[in-house]
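Hi there,

Here is the structure I promised to pass on to you. Have a look at it first, and then read my notes below.

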Amino acid sequence: MARRLAAARLIVASHNAGKVREIAALLGPLGIEAVGAASLGLAEPEETGDTFIANAVLKARAAAEASGEPALADDSGLVVPALEGAPGIYSARWAGPGKDFRVAMDRIETELTARGCETTGAAAWFVCALALGWPDGHCETVEGRVDGTLAFPPLGEHGFGYDPIFVPDGHARTFGEMPAEEKQPLTHRARAFEQLAGLLRSGPQ
């Protein structure tokens, strides 16, 4: 049987401020306070997993053990089939040590062009794996996905990461052009949360 959360707050195992804000907005209606790992001085573990789920579990367990409280970790990224799935689990690393996603977006465009592929209109999808971890090492996991296409040059100043080059299916604007209230229900993170919501309500730990 799946374990359910019986806590009023969750440690968000991320140092990405944009990601913490999105997760806090999703947790808010459930009456759960989100506390970012950076605000507690928690270290970021090395992401050695070979899947989104594996990396999310690794981060959730590390934060839960270090804090002594339940923790929620998100491992997410952009998958471009024409690049054999890259950047995938390496999405953050493509932005370099300075986390400059303009560099990462330029790299995607450059590599697509080098392969003779279309850039604007190329298929892509975002994946979000969520792991809910407890200090005893137990984890519950889910995964969400949103499909779309790429757009170059990057458009919009909203969001974070690869949002300025991603147009979700059925829409004409990038995530970067959408205000948070428009973007949030469409995201891979929101779809993953829909699956996780049943565990984020009162129940035995």
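Please keep in mind that this is a predicted model. Let me start with the contacts: counting those between residues at least 6 apart in sequence, 62% join residues at least 24 apart.

Now for the overall layout. You will find 5 helices and 6 strands in the protein chain. Read from the N terminus, their order is β-α-β-α-β-α-β-β-β-α-α. The radius of gyration is 17 Å, close to the 17 Å from the globule rule for 205 residues, so the chain is as compact as a globular protein of that length. Along the principal axes, the C-alpha atoms fill a box of roughly 55 × 30 × 30 Å.

What about inside and outside? Buried residues account for 48% of the 205 residues. The accessible surface is about 9400 Å², and 52% of that belongs to carbon and sulfur atoms. As for charges, the chain has 18 positive and 27 negative ones, and the mean positions of the two groups are 4 Å apart.

The interior is worth a closer look. The largest nonpolar core has 23 residues, and those touching the most other members are Leu 78, Ile 108, Leu 112, Leu 150, Tyr 162 and Ile 165. Helix α3 (101-114) and strands β4 (123-133) and β5 (139-150) each supply at least two residues of this core, with α3 giving the most, 5 residues. Try clicking on Leu 112: beyond its neighbours within four places in sequence, its contacts include Val 80, Leu 83, Leu 150 and Phe 152. There is also a second, separate core of 20 residues, among them Val 12, Ile 23, Leu 26 and Phe 193.

Enjoy exploring!

Notes: Residues numbered from 1 in each chain as written. Predicted model: local features only at pLDDT ≥ 70, side-chain atom pairs only at ≥ 80, totals over all residues. Heavy atoms only, no water. Helix = DSSP H or I, 4+ residues; strand = E, 2+ residues; numbered from the N terminus. Rg over C-alpha atoms; globule rule 2.2 N^0.38 Å. Buried < 20%, exposed > 50% of the residue type's maximum accessible area, 1.4 Å probe, protein only. Contact = heavy atoms within 4.5 Å. Areas by Shrake-Rupley, 256 points an atom, 1.4 Å probe, with all protein chains shown as cover. Lys, Arg positive; Asp, Glu negative; His and termini not counted. Charge placed at Lys NZ, Arg CZ, Asp CG, Glu CD. Core = buried A, V, L, I, M, F, W, Y, C linked by side-chain atoms within 4.5 Å.
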